[in-house]
Amino acid sequence: MITHDLGVIADLADDVVVMYAGATMEKSGQSAMFYAHHHPYTEGLLESLPSCGDERERLRPIKGQPPSLINLPAGCPYHPRCPYVMDICRTDDPPLRAVPGDGPHVSACWLPTDRAAREAARVELATRTLAGRTL
Ligand code: SF4
């Protein structure tokens with residue numbers, strides 16, 4: 001099935017592949033994708049959705065536009081839009097790496113695969129990005 005409807009995925013899928021710029025960004029079981037995702041693009045997709053009890057006045061779309069498939073950026077294809085971008089992201093395309101957890105899970109991102117270290121890095125990098133500094 002190919003779809004952008006995450007509600008359909010939540011209802012029907014056992015395994016989920018998140019693609020961006022023609023490549024796999026993350027692949028895992030359905031539960032891990034919704035509750036223990038690793039990739040910032042997956043995070044952005046989920047944060048852009050409305051949910052029950054949501055008190056936000058506006059949805060949070062992913063900033064920027066998808067890249068041209070005939071002129072992809074160097075490094076990670078998501079880096080121009082990523083709130084956690086690091087220097088390595090601008091030069092080196094991350095391979096799919098195993099993310100520890102329940103069941104098979106891989107992600108193409110340079111953030112740590114360990115959940116606690118990843119969350120700490122996300123907070124630090126997002127804070128620096130909001131402050132207008134780049135790494
Ligand atoms: S590799 Fe870097 S730019 Fe790409 S998704 Fe991960 S943190 Fe963001």
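This passage describes the fold, the sheet, one helix and the ligand surroundings of a predicted model.

The chain contains 4 helices and 4 strands, and these elements follow one another along the sequence in the pattern α-β-β-α-α-β-β-α. The radius of gyration is 15 Å, close to the 14 Å that the globule rule gives for 135 residues, so the chain is as compact as a globular protein of that length. The C-alpha trace spans about 40 × 35 × 35 Å along its principal axes. Of the 135 residues in the chain, 21% are buried. When contacts between residues at least 6 apart in sequence are considered, 40% of them join residues at least 24 apart.

The 4 strands form an open sheet in the order 1-2-4-3, and their pairing is antiparallel. Strand 1 (15-20) and strand 3 (97-98) are the edge strands, each pairing on one side only. Within the sheet, strand 2 (residues 23-29) and strand 4 (residues 105-107) run antiparallel and are joined by 3 bridges. In this part of the sheet, Ser28 stands opposite His105 of strand 4.

Helix 3 (residues 40-47) includes the buried residues Pro40, Tyr41 and Thr42. The elements that cover the buried residues of helix 3 include strand 1 and strand 2 of the sheet, together with helix 2 (30-35). Leu45 also belongs to helix 3, but this residue is partly exposed, because 18 other C-beta atoms lie within 10 Å of its own, whereas a buried residue has 20 or more and an exposed residue 12 or fewer. Leu45 and His4 are separated by 41 residues in sequence, and the distance between their C-alpha atoms is 9.4 Å.

The surroundings of the ligand comprise 14 residues, of which Cys76, His79, Cys82, Cys89 and Cys109 come nearest. By residue class, the shell around the ligand divides into 12 nonpolar and 2 polar residues, with no charged residue among them. Cysteine is counted as nonpolar in this division, and histidine falls among the polar residues, so that Cys76, Cys82, Cys89 and Cys109 belong to the nonpolar part of the shell, while His79 belongs to the polar part.

How values were computed: Residues numbered from 1 in each chain as written. Predicted model: local features only at pLDDT ≥ 70, side-chain atom pairs only at ≥ 80, totals over all residues. Helix = DSSP H or I, 4+ residues; strand = E, 2+ residues; numbered from the N terminus. Rg over C-alpha atoms; globule rule 2.2 N^0.38 Å. Buried ≥ 20, exposed ≤ 12 C-beta atoms within 10 Å, placed from the backbone. Contact = placed C-beta atoms within 7 Å. Near = placed C-beta within 6 Å. Pairing = 2+ DSSP bridges.
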